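Colleague: Got a minute to go through this model with me? I'd like to start with how the helices pack and then get to the aromatics.

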Amino acid sequence: MSSNPLDFLNLQDLFKTEDLIVRDTVSDFVKREVIPLLQKAHREEVFPKELIPRFAEMNLLGSNIKGYGCPGLNSVAYGLIMQELERADSGIRSFCSVQGALVMWAIFSYGSEEQKKQFLPELAKGKKIGCFGLTEPDAGSDPASIKCSAKKTKGGWILNGNKMWITNGSIADLAVVWAKNSETNNIQGFLVEKDFKGFSTSLMKGKFSLRISVTSELHFQDCFVPDSHILPEATALKSALGCLNQARYGIAWGVVGSAMQCYQTALEYAGVRTSFNKHLSSYQLVQAKLVKMVQEISLAQLLNLHIAFLKEKETLTPEQISLAKMNNCKMALQTARQARDILGANGIIDEYPIIRHLLNLETVNTYEGTEDIHRLAVGRSLTGFQAFKA
Ligand code: TGC
Ligand code: FAD
């Protein structure tokens with residue numbers, strides 16, 4: 001029998017010792033402190049906020065940013081953190097992704113020195129929670145068509161419009177908001193604090209996916225944002241898309257964690273459950289499903305290691321990230337579906353993690369660019385023709 005069915009190709013021989021320490025530390029934390037909270041949180045549709053100080057103590061917020069209270073971990077260690085967090089739940093990884101890859105990264109990449117010093121250490125310590133507002137009710141896949149407007153006024157800007165589907169929105173102290181300059185039509189980035197007049201949020205309830213994650217609408221009604229809170233280097237749509245690259249990279253790693261958890265559960269279950277007087281795992285059809293899972297997980301793990309290598313070399317392109325996000329989300333969704341099947345009726349009950357992962361992965365395959373949007377992004381880079389629009 002395989003000595004480590006979760007690392008069939010023994011890829012961990014390629015990791016540095018310090019990366020393995022990071023992985024194992026986060027894995028222990030997840031098993032001891034995160035997983036025990038999930039069944040209740042998922043049933044009640046609440047985020048387990050008590051974990052936020054622990055995320056900070058464990059350096060999980062902005063862990064690949066250098067300086068400003070962040071540890072500056074390499075791309076493999078960062079990816080392994082995402083993988084281990086998502087083995088628990090995509091909503092747990094989402095919380096850390098939004099805080100680190102979308103909010104902190106936006107400030108780190110496009111903010112002034114004052115903004116970095118003011119916000120990054122507090123965000124790293126979990127003293128402030130952030131959210132990232134790009135999507136609107138009528139603009140998801142096509143962010144160039146957002147309507148949220150920013151009009152220059154004395155000493156600042158006036159924001160009007162609505163954002164929808166915003167992770168952490170209602171619990172955020174600080175929102176990175178993308179709005180169109182009403183004179184130039186350029187998309188610009190703003191930092192909106194929760195007590196700014198004219199800014200409000202509303203919680204979106206009734207999700208059957210990512211239930212432990214807070215999802216909200218953001219509303220701006222003549223909301224005044226002082227000049228000190230415009231991100232000076234975030235001056236176009238490509239600035240927002242630059243943040244998405246960071247988050248999509250983390251998702252490519254994260255969903256492999258979900259797939260690993262589903263596959264491990266199915267493998268163990270098939271080893272003890274009997275049907276027609278034999279263990280499920282002794283049947284060829286069940287083995288075929290388990291082999292398909294380990295085959296796809298192993299290929300996704302290899303892909304992640306390679307994009308980490310490219311990211312460290314600073315040659316990783318958006319289209320390569322699209323390929324990895326698209327492939328690994330689909331792979332995780334298919335793995336979760338096969339794992340659910342192996343558990344029969346037990347596959348739909350929350351005593352096991354599979355159905356929760358399966359439902360979560362429907363969101364993860366959609367947010368940060370749907371599967372088809374990434375397919376089209378890769379298609380454009382292959383052919384030179386964009387097939388997004390007329
Ligand atoms: P397009 O003409 O392709 O691009 C406009 C400009 O941006 C550049 N660019 C990028 N730059 C950096 N990174 C990328 N990934 C980039 N993609 C494009 C591009 O070179 C161009 O630059 P320039 O200098 O020529 O102006 O723009 P388009 O309007 O045709 O749209 C392209 C498309 C569809 C790929 C893009 O807009 C897209 O990615 N759509 C998907 C939207 C999306 O992913 N939204 C995510 C919202 S945030 C979220 O979901 C958080 S979930 C959080 C959680 O809980 O984890
Ligand atoms: P649409 O753009 O309406 O797409 C619907 C369908 O049409 C999809 O299948 C899509 O692939 C297809 N489609 C669209 N355009 C084309 C085309 N040109 N060619 C072919 N097919 C096309 N956004 C944020 O800004 N911040 C967040 O924190 C955030 N968190 C989220 C959390 C959750 C739980 C969810 C579900 C979403 C979140 N989002 C967030 C929004 C997410 O990024 C969008 O839902 C996503 O980009 C897709 O947009 P849409 O839902 O409007 O779908």
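**Helix packing and aromatic rings**

Modeller: Let's begin with a crossing: α6 passes α8 in a left-handed way, where left-handed means the near helix is turned anticlockwise from the far one by less than a right angle, and right-handed means clockwise. Helices here are DSSP runs of H or I with at least four residues, numbered from the N terminus.

Colleague: At what angle do α6 and α8 pack?

Modeller: About 20°, with the axes of α6 and α8 8 Å apart. That makes α6 roughly parallel to α8 (angles under 35 degrees count as roughly parallel). The axes are lines fitted to C-alpha atoms over the stretch in contact, and angles run from 0 to 180 degrees between N-to-C directions.

Colleague: And what residues make up the contact of α6 with α8?

Modeller: They divide into 20 nonpolar, three polar and two charged. Nonpolar covers Ala, Val, Leu, Ile, Met, Phe, Trp, Tyr, Cys and Pro; charged is Asp, Glu, Lys and Arg; the others, Gly among them, are polar.

Colleague: Before the rings, any ground rules?

Modeller: It's a predicted model, so local features need pLDDT of at least 70 and side-chain atom pairs count only at pLDDT 80 or more, while totals for chains, interfaces and linings use all residues. Side-chain values use heavy atoms, with hydrogens and water left out, and residues are numbered from 1 along each chain as its sequence is written.

Colleague: OK, how many aromatic pairs are there?

Modeller: A search of the whole structure finds 10. Rings of Phe, Tyr and Trp (its six-membered ring) pair if their centres lie within 6.5 Å; planes under 30 degrees apart are stacked, over 60 edge-to-face, the rest tilted. Trp 105 and Phe 108 form a tilted one, 5.8 Å centre to centre with 55° between the planes.

Colleague: Where do Trp 105 and Phe 108 sit?

Modeller: In helix α4 (residues 90-110), three residues apart, so about one helical turn separates them. Trp 105 is buried at 16% relative accessible area, and Phe 108 is partly exposed at 24% (buried is under 20%, exposed over 50%, partly exposed in between, with a 1.4 Å probe and protein chains only).

Colleague: What lies over the face of Trp 105?

Modeller: Lys 311, at 5.6 Å from the ring centre. The charged end of Lys 311 also sits over the ring of Tyr 249, 5.3 Å from its centre. To count, NZ of Lys or CZ of Arg must be within 6 Å of the ring centre and within 35 degrees of the ring normal.

Note on methods. Chains lettered and ligands numbered in written order. Helix = DSSP H or I, 4+ residues; strand = E, 2+ residues; numbered from the N terminus. Parallel < 35°, antiparallel > 145°, perpendicular 65-115°, else oblique.
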